[in-house]
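Okay, thanks for coming, everyone. I'd like to walk you through the two ligand sites in this one, so have a look at the screen.

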Amino acid sequence: MSNFPGVDYLEIDSLFSEEELMVRQTVRDFVDEEVLPIIEHANREEKFPMHLIPKMAEMGLFGATIKEYDLPGLNNVAYGLIMQELERGDSGLRSFASVQSGLVMYPIYAYGSQEQRDYWIPKLAAGEKIGCFGLTEPDFGSNPSAMRTRARRDGDSWILNGAKAWITNGSIADVAVVWAKAEGTIRGFLVEKDTPGFHTAYHMGKFSLRASVTSQLFFEDCRIPLENVLPETNGLKYPLGCLTQARYGIAWGVLGAAMSVYNTALQYTKSRIQFGGQPIASHQLVQNKLAWMITEITKGQLLALQAGRLKDQGKLKPHHVSMAKMNNCNIALECARVARDMLGANGVSDEYPIVRHMMNLESVKTYEGTHDIHNLIIGHTVTGIPAYNPPMSAKQEQELSAAAEAAALAQK
Ligand code: TGC
Ligand code: FAD
């Protein structure tokens, strides 16, 4: 049974059903028993704990909201609580589950053929097969519409060329859901591990999400059979639709990391004695930090919960998810930074989970749409004016083309 007391300042537990609380407790126990004892080592060694995959699958953590194929068919709040508890362990573990469920099973389930679903969903749910999702490219992250990866039709196949960057699970995946420009539109392709011309490489030297595999994907004349195209995909809204699923899970997940750092800082400051024999928690400045953290976590819980209830009612919009993802990542990272400070030198040691969460959250704030991109999405919604790509002045255009000409001359 978990020792984690939970964080519930405002009786938010009273808003969860018995089933939701039971799911949370099951994953909470799993994280305490199986994840916390090994995670600092995995983080140091830059290794994803592969041995946890069968246990997570057995618990029904992959595709947990799907009702078919004997999957749990949980509601979205229970799904969110799973993400929260996994990320209390480590963002890498939650990332694995997010990608497998939200970015691989979801597009196959929502946009795939019956054959694709029947083949992949049970295997991915059982953890027998691992998936990854390739949207970002070396030159295009926030703006995937400019992607360079191309597919051209050749008889009964498509020929795929290009590269993807920063792909979670890339080098350990059996199947990559790859987004490419395919003769005038964006389509999703299921690229299997041993496809000739498909290679992967680890992103080395990450100081964040070290217990998660991140890779580059390369496609050189990869022949993809027609039956591996996701038939319902036709435009950018299909990959963006997958992001809405995963971003929703992140909005819950990061609360778990925030709870972990808050709880660690609370316990530490109540026992750490400085000046005059009093624990540092007795000082007003320290209490101010704890009060700020628990207030932000509580607001984040309410935001995630309302998003979950709306999702279950079919009313959740992508811009709602942007607010929850953006706010909750931001407050979780700020909680980790404040908690790091409250532990003094011990805050930078992996004897405590704080610095690991802090480094992880730097990535989580960036991936699935950066903090600023989500602000722009909210800004677009409230003003009706998209500000992603403001028009250039004539002077800026001249300067840019002069710089390009100078660079071309320098290369000659
Ligand atoms: P825009 O013209 O706004 O939209 C194109 C079409 O898509 C629709 N749409 C969405 N649909 C579903 N869900 C969403 N979230 C959607 N956002 C937009 C939109 O209605 C439109 O539909 P239609 O019918 O008119 O065609 O597209 P844009 O090119 O102007 O881009 C807007 C912008 C900047 C918001 C978008 O490109 C964006 O979200 N950029 C951020 C990219 C991003 O988040 N990448 C994440 C990569 S995956 C990842 O990080 C995984 S981490 C995994 C882990 O380890 O957990
Ligand atoms: P850029 O888009 O170059 O942005 C750089 C900075 O410019 C940011 O601060 C951004 O907010 C800002 N900026 C950009 N455009 C604007 C604008 N219009 N206005 C104001 N500011 C702007 N991708 C996948 O496809 N699949 C994965 O599985 C995946 N996993 C990842 C795992 C990790 C550990 C990391 C770090 C990333 C992962 N990503 C993945 C990539 C991630 O989605 C991108 O890093 C992210 O979308 C941002 O893109 P970028 O890094 O190219 O930054």
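Let's start with a contact: a polar backbone atom of Ser142 sits 2.9 Å from a nitrogen atom of ligand 1. Keep in mind that this is a predicted model. Taken alone, ligand 1 exposes 1100 Å², and the protein buries 71% of that. Two side chains join in here: Ser95 has a polar side-chain atom 2.8 Å from an oxygen atom of ligand 1, and for Lys237 that kind of distance, again to an oxygen atom of ligand 1, is 3.4 Å.

So who's around it? There are 24 residues around ligand 1, with Ser95, Thr168, Thr244, Arg247 and Gly369 coming nearest. Which helix gives the most to that shell? Helix 6 does, with six residues. By class, the shell around ligand 1 has 11 nonpolar, nine polar and four charged residues. And ligand 1 sits in the largest pocket.

Now for ligand 2. The space that ligand 2 takes is the largest pocket, too. Here the shell has 19 residues, and the closest are Thr136, Ser142, Trp166, Thr370 and Tyr388. Backbone atoms, N or O, come up again: one of Tyr388 is 2.7 Å from a nitrogen atom of ligand 2, one of Phe133 is 2.9 Å from a nitrogen atom of ligand 2, and one of Leu135 is 3.0 Å from an oxygen atom of ligand 2. The protein covers 67% of the 970 Å² of accessible area that ligand 2 has on its own.

Last bit: domain 2 (131–234) and domain 3 (238–383) each give at least three residues to the shell around ligand 2.

Definitions and conventions. Residues numbered from 1 in each chain as written. Chains lettered and ligands numbered in written order. Predicted model: local features only at pLDDT ≥ 70, side-chain atom pairs only at ≥ 80, totals over all residues. Heavy atoms only, no water. Near = heavy atom within 4 Å. Polar contact = N/O pair within 3.5 Å; in protein donor to acceptor, adjacent residues only side chain to side chain. Areas by Shrake-Rupley, 256 points an atom, 1.4 Å probe, with all protein chains shown as cover. 1 Å grid on protein atoms, 1.4 Å probe; cavity = no way out; pocket = protein on both sides within 12 Å on 5 of 7 lines; lining within 4 Å. Sits in = over half its atoms within 2 Å of the grid points. Domains from an automatic or database assignment. Helix = DSSP H or I, 4+ residues; strand = E, 2+ residues; numbered from the N terminus. Nonpolar A, V, L, I, M, F, W, Y, C, P; charged D, E, K, R; others polar.
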